[in-house]
Amino acid sequence: MKKAMTALAVLALAGAGWAPLALAADISHATQVLDLGQGSASFARTIDAGNAGNTFADRYDFTLTGTSSLVALLSGFNGTDFGAVTFNNFSLVNSAGLSLDGTKVLDQGGIQTWRVAAQPLVADTYHLLVSGSVLNAKATSYVGAVAVTPVPEPETYALLAGGLGLLGYVARRRKT
């Protein structure tokens, strides 16, 4: 009986020694779909209290119907007096899996901001991937915005040049 109790005590202590090495929980949310019909969209995520050390990889899908340029921003708080989140990456991924990583543009004063910019992007399905971790046990959140603008096709420039040439020809004929 004494040996069994000793063995249980050893197992309990060994288990307690591994507790700090436990893997963080994945608290990613389900894929969200962004509507860029008006040329822009925003996204946000609130993370409940009690998630310190947990990680996430949140996905925001959207579709471009023509050639466009894109700018996306992501911001979150990472101070100690309130909920804190840190980002590992902010990237744009196309349907073939090709990825463009964002750049961290600000990380001071308790605010972290990332930016992704790309042009031209062809008509395709894309997603923004936000990955990071929660730094403390308080509730926290992040916000982001995406803006797309159409890039004119070469035919548009040719039509513009032809119209300007025609106006120049008419103006020159009137002078003579």
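Reader: What pattern does the chain follow, read along the sequence?
Author: The model is predicted. Read along the sequence, the chain follows α-β-β-β-β-β-β-β-β-β-β-α. That comes to two helices and 10 strands.

Reader: What makes a residue of this chain count as buried, and how many do?
Author: Buried means under 20% relative accessible area. Of the 176 residues, 31% count as buried. The chain exposes about 11,200 Å², and carbon and sulfur atoms supply 62% of that area.

Reader: Why is Phe-82 called partly exposed?
Author: Its relative accessibility is 36%. Buried would need a value under 20%, exposed a value over 50%. The value for Phe-82 lies in between, so Phe-82 counts as partly exposed. Phe-82 is found in the loop between strand S4 (68–77) and strand S5 (85–94).

Reader: What makes Phe-82 eligible for a surface patch, and which residues make the patch?
Author: A patch residue needs over 30% relative accessible area and no salt bridge. Phe-82, at 36%, passes the area cut-off. Phe-77, Phe-82, Val-105, Leu-106 and Ile-111 make a nonpolar surface patch of about 400 Å².

Reader: What is the strand order in the sheet that holds S1, and why do S1 and S6 count as edges?
Author: Five strands form an open sheet, ordered S1-S3-S9-S5-S6, with mixed pairing. Strand S1 (32–33) and strand S6 (99–101) each have a single partner strand, so one side of each is left without a neighbour in the sheet.

Reader: How do you know that S5 and S9 pair?
Author: Two strands pair if at least two bridges are found between them. S5 and strand S9 (residues 124–134) have nine, so they count as paired, in the antiparallel sense. Among the partners, Val-85 has Val-134 in S9.

Reader: What is the order in the sheet that holds S2, and why are S2 and S7 its edges?
Author: This open sheet of five strands runs S2-S10-S4-S8-S7, with antiparallel pairing. Strand S2 (40–47) and strand S7 (103–108) each have a single partner strand, so one side of each lacks a neighbour in the sheet. Neighbouring strands of this sheet are turned by 15° against each other on average, direction ignored.

Reader: What makes S7 and S8 a pair?
Author: The cut-off is at least two bridges. S7 and strand S8 (residues 111–121) have five, so they qualify, again in the antiparallel sense. Gln-108 stands opposite Ile-111 in S8. Ile-111 is also one of the patch residues.

Reader: How many of the contacts join residues far apart in sequence?
Author: Take contacts between residues at least 6 apart in sequence. Among these, 81% join residues at least 24 apart.

Conventions. Residues are numbered from 1 along each chain as its sequence is written. This is a predicted model: local features need pLDDT of at least 70, side-chain atom pairs count only at pLDDT 80 or more; totals for chains, interfaces and linings use all residues. Side-chain values use heavy atoms; hydrogens and water are left out. Patches are made of residues with over 30% relative accessible area and no salt bridge: like charges are joined within 9 Å, nonpolar side chains (Val, Leu, Ile, Met, Phe, Trp, Tyr) within 5 Å. Accessible areas come from the Shrake-Rupley method with a 1.4 Å probe; for residues, only the protein chains shown count as cover. A salt bridge is a side-chain nitrogen of Lys or Arg within 4 Å of a carboxyl oxygen of Asp or Glu. Helices (H or I, at least four residues) and strands (E, at least two) are DSSP runs, numbered from the N terminus. Buried means under 20% relative accessible area, exposed over 50%, partly exposed in between (1.4 Å probe, protein chains only). Contact means heavy atoms within 4.5 Å. Axes are lines fitted to C-alpha atoms, for helices over the stretch in contact, and angles run from 0 to 180 degrees between N-to-C directions.
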